[in-house]
Amino acid sequence: MDGTEGNAAQPGPAERSHRSSVSSVGARAADVLVYLADDSVVPLAVENLPLLSAHELHRAVREVLQLPDIALDAFALWLVSPLLEVQLKPKHQPYKLGRQWPELLLRFTDAPDDDVAVDEPSLQFRRNVFFPKRREIQIQDEEVLRLLYEEAKGNVLAARYPCDVEDCEALGALVCRVQLGPYQPGQPAACALREKLDSFLPAHLCKRSHGLFAALRGRGAKAGAGEQGLLKAYRQVQELAGGNSVHEAALGPHYRAYLLKCHELPFYGCAFFHGEIDKPAQGFLHRGGRRPVTVAISLDGVHVIDNREKHVLLGLCFQELSWDHTAPEEEESVLWLEFDGDSEGMPVNKLLRIYSKQAELMSSLIEYCIELSQTAEPAAPPESTAGHSSPTQPPTQRPKLRRQGSVVCSRIQHLSTIDYVEDGKGIKRVKPKRTTSFFSRQLSTGQGSYTVVQPTDSLEQG
């Protein structure tokens, strides 16, 4: 999305409940409910709700929660329902957008008319998609860290953030530390973990047993693999602050440790969109069909995630892709991603089609993220022990996950793409070297500047 639009995305943890944010409306006053990442509510009594901007409501929430100034940039207001998520710009008027919600659903989702008729958004205080991770790690306020931690934890447990088992266990162990306190040898920690396993691990890793088998297993039976790994990781959590209980020790360091671990995930902080891609043709009749995917877009790039398998199919930083979208009036709404690849050892350009009614929104968000990355100030170099900076020393970067078969690694072999090369006369399907592109939209890596394409102000509603 660009700076002129809200940020519509695929719903996730917000699906926990169907709720409204306007509890009562009178001639002048209304009680507005703003939901936080932990499902707690901030009630606001406001005047002239229809004219109130997102910026004014955002300020009211910060005042109630007594958050520092960094919260202005770290968080945004979102309108969220089980069908659609929209990050609001400061000048948006949430009440007016809420009244126009059915129009947005019809434009950006494939929801049936019956679902559109009863869907109602809630107002949520969530992480700003455009807040860079380099600023997040500088946050010291414990309540801000807690809110960011709660949202990240929700995305991990809901498998919106695909994680390898080792990372799920490490993250779950930090949740154990926050909720249960420091690990104490001799205490029945395994029982506590088993009772709340889905509070620490994604559902597909819990694998609880039910019925007769569970009864036969009994209290002394061996814990499942998820429990064992979680318990081992819990024992290894280092105490980052003094104290012997969850009440005596500051939790800020553990919130920060959780967020730093999430920063290793390439899609952390993304906005999520729903789409479908073509399946590779199989069988004698070359039948394929389509596969539902989630498209995760952030300041770092684009990731296409398999909804069923919970792993990354394609991950690209902006330097690695070109893109465009086709509007519904032209043909089916499609986001096109173009990237370098190979076909039987020959370098080719690959095109991936993502079918989605949110293609226009995804295209605009990619464009705006690139604009922000080009205008962002470089991070300050670390200071030496002598007290001056070292201008030649590059900023330290956290290592990326590089496990063989990691869920965050691309699986291009699972994609059905259009492969082509340029032969000097025209585009041909599968010539070495990338000499042309279908699209002009891409991140410039030379001296030239990025070609800005003005998107429509689709969500600007007065």
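This talk describes helix packing, salt bridges and a few individual residues in a predicted model.

Good morning, colleagues. Please keep in mind throughout that the structure before you is a predicted model.

I shall begin with helix α13, which spans residues 252-263, and its packing against helix α7, residues 142-157. The axes of these two helices lie 9 Å apart, and the angle between them is about 45 degrees. The pair is therefore described as oblique. The crossing of α7 past α13 is left-handed. On the α7 side, the contact is formed by Glu 142, Leu 145, Arg 146, Leu 148, Tyr 149, Ala 152, Lys 153 and Val 156. From α13 come Gly 252, Tyr 255, Arg 256, Tyr 258, Leu 259 and Cys 262. Sorted by class, the residues of this contact are 9 nonpolar, 1 polar and 4 charged.

Helix α13 also packs against α8, which covers residues 165-180. How do the axes of α8 and α13 cross? They come within 10 Å of each other, at an angle of roughly 165 degrees. An angle over 145 degrees counts as roughly antiparallel, and α8 and α13 are therefore placed in that class. Their crossing is left-handed. Helix α8 contributes Asp 167, Ala 170, Leu 171, Leu 174, Val 175, Arg 177 and Val 178 to the contact. The α13 residues involved are His 254, Tyr 255, Ala 257, Tyr 258, Lys 261 and Cys 262. By class, this contact holds 9 nonpolar, 1 polar and 3 charged residues. Tyr 255, Tyr 258 and Cys 262 of α13 take part in the contact with α7, and these residues also appear in the contact with α8.

I turn now to the salt bridges. How many salt bridges does a search of the whole structure find? The search returns 19. I have selected a few for discussion.

Within helix α7, Glu 143 and Arg 146 are 3 residues apart, about one turn of the helix. Their side chains form a salt bridge, with an N to O distance of 2.9 Å. Is each partner buried or partly exposed? Glu 143 has a relative accessibility of 26% and therefore counts as partly exposed. Arg 146, by contrast, is buried, because its relative accessible area is 17% and the cut-off for burial is under 20%. Arg 146 also belongs to the contact that α7 makes with α13.

A second bridge joins Lys 261 to Glu 264, with the closest N and O atoms 3.4 Å apart. Lys 261 is partly exposed, at 22% relative accessible area. Lys 261 is also one of the α13 residues in the contact with α8.

A third bridge pairs Glu 332 with Arg 290, and here the closest N and O atoms are 2.9 Å apart. This bridge links distant parts of the chain, since 42 residues separate the partners. Glu 332 sits in the loop between β12 (322-326) and β13 (334-343), whereas Arg 290 is in strand β9, residues 290-298. Both are partly exposed, Glu 332 at 40% relative accessibility and Arg 290 at 33%. Elsewhere, salt bridges with shared partners connect Asp 38, Glu 143, Arg 146, Glu 150 and Lys 153 in one network.

Let me close with several single residues. Arg 127 lies in strand β7, residues 122-127. This arginine counts as buried, at 6% relative accessibility. What does Arg 127 touch, leaving aside residues up to four places away in sequence? Its contacts include Phe 75, Trp 78, Glu 136, Leu 148, Glu 151 and Tyr 268. Ala 76 is also among them; the C-alpha atoms of Arg 127 and Ala 76 are 6.0 Å apart, although their positions lie 51 residues apart in sequence.

Two residues deserve a note on backbone geometry. Asn 48, in the loop between β4 (41-47) and α1 (54-65), has a positive phi, near 55 degrees. Asn 48 is partly exposed, at 37%. Ala 159, in the loop between α7 and α8, likewise has a positive phi, about 65 degrees, and is not a glycine. Ala 159 is buried, with a relative accessible area of 11%.

Finally, Ile 370 belongs to helix α14, residues 359-375, and is buried at 0% relative accessibility. Its C-alpha atom is 9.6 Å from that of Ser 298, 72 residues away along the chain.

Thank you for your attention.

Notes
Residues numbered from 1 in each chain as written. Predicted model: local features only at pLDDT ≥ 70, side-chain atom pairs only at ≥ 80, totals over all residues. Heavy atoms only, no water. Axes fitted to C-alpha atoms, helices over the stretch in contact; angles between N-to-C directions. Helix = DSSP H or I, 4+ residues; strand = E, 2+ residues; numbered from the N terminus. Parallel < 35°, antiparallel > 145°, perpendicular 65-115°, else oblique. Left-handed = near helix turned anticlockwise from the far one by under 90°. Contact = heavy atoms within 4.5 Å. Nonpolar A, V, L, I, M, F, W, Y, C, P; charged D, E, K, R; others polar. Salt bridge = Lys/Arg side-chain N within 4 Å of Asp/Glu carboxyl O. Buried < 20%, exposed > 50% of the residue type's maximum accessible area, 1.4 Å probe, protein only.
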